[in-house]
Amino acid sequence: MKRSTLFLLAITFSTFAFAESDHFKMSYHGYNFYLPEAPKAFGFLGSKNDTIVLKYGDGPGEGLVGFSVESEMATGGCDPEEFFKEVLGKAENDCDRLAVESFQHIFVEDRDVGAWSGEGHNFYYFVSDPKTTVFFATRDSNNKILKVDTNFLTKKTLKKLFKEYLH
């Protein structure tokens, strides 16, 4: 309960403290993200994946952006960076073929896919209408995979979320 309360206070404070012209800066697991201003609601689901959801739309399920930690994602025995590169066909690593093909079936088929690169970070995007997902591996000792999901941001606007880490 304390954790949820502190989190809600922190995100509320950050909304006002870091407000800029058309976005605000939110920190999540030590990373800064630049989100559209004035979400209508937000919540912390309290799961072991540290899921945070911000809602911008008026209707049920409309205008959502979610952040989570993919702690149990199957990367086929590979480092997350190697796995994502193999999924996108940019490298031949020895990742488990079934893990790669399963991920491709869910996230690659009929989607605009690629990577945005910056100083020490690669953001792997999987864009479709209306759902878009971005994965990236943290540079900490745990090599966590963070995931950002949205059902309303365009590829161009989504890229702005990561502007601090891109060229």
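Let's start with Lys131, which counts as partly exposed, because its relative accessibility is 39%. Please keep in mind as we go that this is a predicted model.

Where does Lys131 sit? You'll find Lys131 in the loop between β7, residues 121–127, and β8, residues 132–137. Its partner is Asp149, and the two form a salt bridge in which the closest N and O atoms are 3.4 Å apart. Asp149 belongs to strand β9, so follow the chain for a moment: the pair links distant parts, 18 residues apart. And is Asp149 buried or exposed? It counts as buried, because its relative accessibility is 16%.

Now stay on strand β9, which covers residues 145–150, and look at Lys147. Lys147 is buried as well, with a relative accessible area of 16%. Its side chain meets that of Glu70 in a salt bridge, 3.6 Å from N to O. Glu70 is in the loop between β5 and α2, where α2 spans residues 80–87. Here again distant parts of the chain are linked, with the two positions 77 residues apart in sequence.

Let's put these pieces together. Salt bridges that share partners join Glu70, Lys131, Lys147 and Asp149 into one network.

How many salt bridges does the structure hold altogether? The count is eight. As a general reminder, side chains of opposite charge can pair when their charged atoms come close.

Another of these pairs is Lys40 with Asp58, whose side chains meet at 2.6 Å, N to O. Lys40 lies in the loop between β2 (31–36) and β3 (41–44), while Asp58 lies in the loop between β4 (52–55) and β5 (64–69), so this salt bridge ties together parts that are 18 residues apart in sequence. Are these two residues buried or exposed? Lys40 counts as exposed, at 53% relative accessibility, and Asp58 also counts as exposed, at 65%.

One last stop, and this time it is about charges of one sign. Which residues gather in a patch of negative charge on the surface? They are Asp79, Glu82, Glu92 and Asp94. Take Glu82 as an example: it lies in helix α2, and it counts as partly exposed because its relative accessibility is 36%.

So, to recap what to look for on your screens: the network of Glu70, Lys131, Lys147 and Asp149, the salt bridge of Lys40 and Asp58, and the negative patch that includes Glu82. Thanks for listening, everyone!

Technical notes
Residues numbered from 1 in each chain as written. Predicted model: local features only at pLDDT ≥ 70, side-chain atom pairs only at ≥ 80, totals over all residues. Heavy atoms only, no water. Salt bridge = Lys/Arg side-chain N within 4 Å of Asp/Glu carboxyl O. Helix = DSSP H or I, 4+ residues; strand = E, 2+ residues; numbered from the N terminus. Buried < 20%, exposed > 50% of the residue type's maximum accessible area, 1.4 Å probe, protein only. Patch = residues over 30% accessible without salt bridge, like charges linked within 9 Å, V, L, I, M, F, W, Y side chains within 5 Å. Areas by Shrake-Rupley, 256 points an atom, 1.4 Å probe, with all protein chains shown as cover. Lys, Arg positive; Asp, Glu negative; His and termini not counted. Charge placed at Lys NZ, Arg CZ, Asp CG, Glu CD.
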